[in-house]
Amino acid sequence: MMSDITSIPGDRPSAAPIKIFGFAAIFLALAILPFVWDNRFYISLITQIMIYGLLAMSLDVLLGYTGLLSFMHNAYLGIGAYMVGLFLIHVSPTSLWLACLVGVIFTGAVALPVGWVQVRTGGLAFALLTLAFGMMFHTIVWKWYSVTGGDDGLMGVPSPDIQLFRWTVGNTGDPTHIYLLTLVVVAICFVLTRRIIRSPFGAVLEAIRENEERAAFVGINVRRYKLYGWMLACILAGIAGALFILYKGYIGPTTMSAFAGAGVLMMVLLGGMGSLWGPLIGAGIFIYIQDYITTMTEHWEIYLGLVVILLVLFMPTGFVGMGSYLKRMRRN
Amino acid sequence: MEAFLCTDDLCRQFGGVTATDCVCIDIEESGLRSIIGPNGAGKTTFINIITGRIPASSGKVFFQGSDITNKPTHELVRMGICRTFQITSIFQNLTVFENVRIARQAHKGGSLKIFSTKRSLKNVSVDTWDILERLGLQDQAHQEAKNLAYGDQRVLEVAIAMAGSPQILFLDEPTAGMSPGETNHISRLIRGLAEEISIVLVEHDMDLVMSISDRITVLHYGSIIAEGLPEEIKTHQMVREAYLGKDA
Ligand SMILES: Nc1ncnc2c1ncn2[C@@H]1O[C@H](COP(=O)(O)OP(=O)(O)OP(=O)(O)O)[C@@H](O)[C@H]1O
Ligand SMILES: [Mg+2]
């Protein structure tokens, strides 16, 4: 019998002080950035990276931790974004938090019955179902002109003020303000998700990823926990969607296309799955390259595809794997 | 008296093959029952039906008086019906410790504590260490399961099943692939467990079966052809025929 419970080996170490320090340093650096660097274009680009980083991170909860492949996780960003936009347009143009809350709850309400069907499958069938549902959602927002604006997308979404306890701290129409709001929300989501992933609940998701049948044979209700993992991933995507519409003031159906879904998957793979922070880096690489190539040619997909192919061939475990590879190199 | 676990005309067909053929068995609430039979006799299939891995074609399974036929696996595990697999089934990329801990956590509860650390489930960790020490896996606790020697993976398989505090434990050829030392250790452990809980052991090593079983059931072409004490089975004419052919 172990007497010293605090030093139980075999457990992975919890966050080392150096990691907390590193996280705080990156957060502060990003928070200061817009005040020392007035290039609005890049501030805006980083905002977009953080939003897609959150989406890619939420996909990692499914892919890297629960072992479930979703081809169109962007659908849930889209659902959240449309709902927040519609609320701001039709219900109340100034209620930022209420709009976000409604948007995220609505995303969850859509994701729940979909997830109920999804978790009855696994592997390839699960992935195909995500495509089927995703394409349905895409077609609905594309064709339902009177509500979603169809092809033109949702335009004229108002920019509400950012209020904290009746104190107005900014406006979502201001690039710096929406940048800071995004930074804070993404940071909170990252910390919370990391906590959840390292909890006993996270251990259940990992067990399902490793061996679904064995998980059932230790007494885990696999479907139920897959559904919890799915809901967590979709709600995080909905939060990313709320940020997206506030940042852009616009959303069109292409954001919810299968093409865009593949992009999110690439972000996760580029960054390295199963780490949460890897996909954030992956989103950075993807969006930066995309932006860089777009300035040179309109056929950016071809070149981005080439870059992705090269990266996958030479960095098969993504950016995260690269880190541990270098560490091993240095040790030898 | 109500049986602890029993089956009533349990059948299972795979296409034209009848893998389990009207099996009626009664298992006591403690002791070691071995199920033997030639390859393809239907031993694994029989365990698969009872533990909810595959549905029965017909017939019923009763556990402590209630009908548990075709119940979901995780519910059966919660009722205390645990198993190991003939083909090793473990969590490859988790450490040995994590493998057993998740099984213990699933049994003890706490899986919905989404903001706690894994360490906060202290009882789970302590129990996990107990089990690892009991099975002699404590030195490999940090290793990822996939890096273990095959025999040690088999031991881990037993450890995971034991973490569920079973009332009845099905062991499908647990010692296949273990070293003689490990086999010896595990068989003594199984014998010890059988004093408290019910063990159903599928095993090909006849010396082992004869030495540790309380009762033996013999399956052949999916049906029970003999049942009794080890000495009775040893001399049973039909059993000899089943194993060695008619000329024996
Ligand atoms: N999933 C399946 N699909 C089709 N046939 C199966 C399946 N599982 C088992 N069988 C068949 O059922 C019969 C019994 O198989 P089972 O695995 O239960 O035997 P066993 O007694 O465990 O054999 P062994 O000693 O080799 O493990 C065999 O003829 C086998 O081919
Ligand atoms: Mg078998």
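A polar contact is a pair of N or O atoms within 3.5 Å, and the exercises below apply this cut-off, among others, to a predicted model.

**Exercise 1.** Determine which backbone atoms lie within polar-contact distance of the side chain of Thr148(A), and decide whether Thr148(A) is buried or exposed.

*Solution.* Begin with the backbone nitrogen of Gly150(A), which lies 3.2 Å from a polar atom of the Thr148(A) side chain. Next, take the backbone oxygen of Val141(A), for which the corresponding distance is 2.6 Å. Thr148(A) itself belongs to helix H6 (residues 145-148) of chain A. Finally, since buried means under 20% relative accessible area, Thr148(A) is classed as buried because its value is 4%.

**Exercise 2.** Identify the residues that coordinate the magnesium ion (ligand 2), and work out which parts of chain B they tie together.

*Solution.* The coordinating atoms are OG1 of Thr44(B) and OE1 of Gln86(B), at 1.9 to 2.2 Å. Thr44(B) lies in helix H1 (residues 43-50), whereas Gln86(B) lies in the loop between strand E6 (81-83) and helix H3 (96-108), so the pair ties together parts of chain B that are 42 residues apart in sequence. As for accessibility, Thr44(B) is partly exposed at 23%, and Gln86(B) is partly exposed at 33%.

**Exercise 3.** Describe the interface of chain B and chain A by its buried area and its salt bridges.

*Solution.* The area buried between the two chains is about 3,800 Å², with carbon and sulfur atoms giving 61% of that area. Of the area that chain B buries against chain A, Phe91(B), Lys118(B) and Arg119(B) supply 16%, more than any other three residues. The rule finds three salt bridges across this interface, and one of them joins Glu206(A) to Lys118(B), with the closest N and O atoms 3.8 Å apart.

Methods
Residues are numbered from 1 along each chain as its sequence is written. Chains are lettered from A and ligands numbered from 1 in the order in which they are written. This is a predicted model: local features need pLDDT of at least 70, side-chain atom pairs count only at pLDDT 80 or more; totals for chains, interfaces and linings use all residues. Side-chain values use heavy atoms; hydrogens and water are left out. Helices (H or I, at least four residues) and strands (E, at least two) are DSSP runs, numbered from the N terminus. Buried means under 20% relative accessible area, exposed over 50%, partly exposed in between (1.4 Å probe, protein chains only). A polar contact is a pair of N or O atoms within 3.5 Å; within protein, one must be able to donate a hydrogen and the other to accept it, and residues adjacent in sequence count only if both atoms are side-chain atoms. Donors are N, O and S atoms within 2.8 Å of the metal (3.2 Å for Na, K and Ca); water is not among the atoms, so sites may look incomplete. Buried area is the accessible area (1.4 Å probe) that two parts lose on being put together, summed over both. A salt bridge is a side-chain nitrogen of Lys or Arg within 4 Å of a carboxyl oxygen of Asp or Glu.
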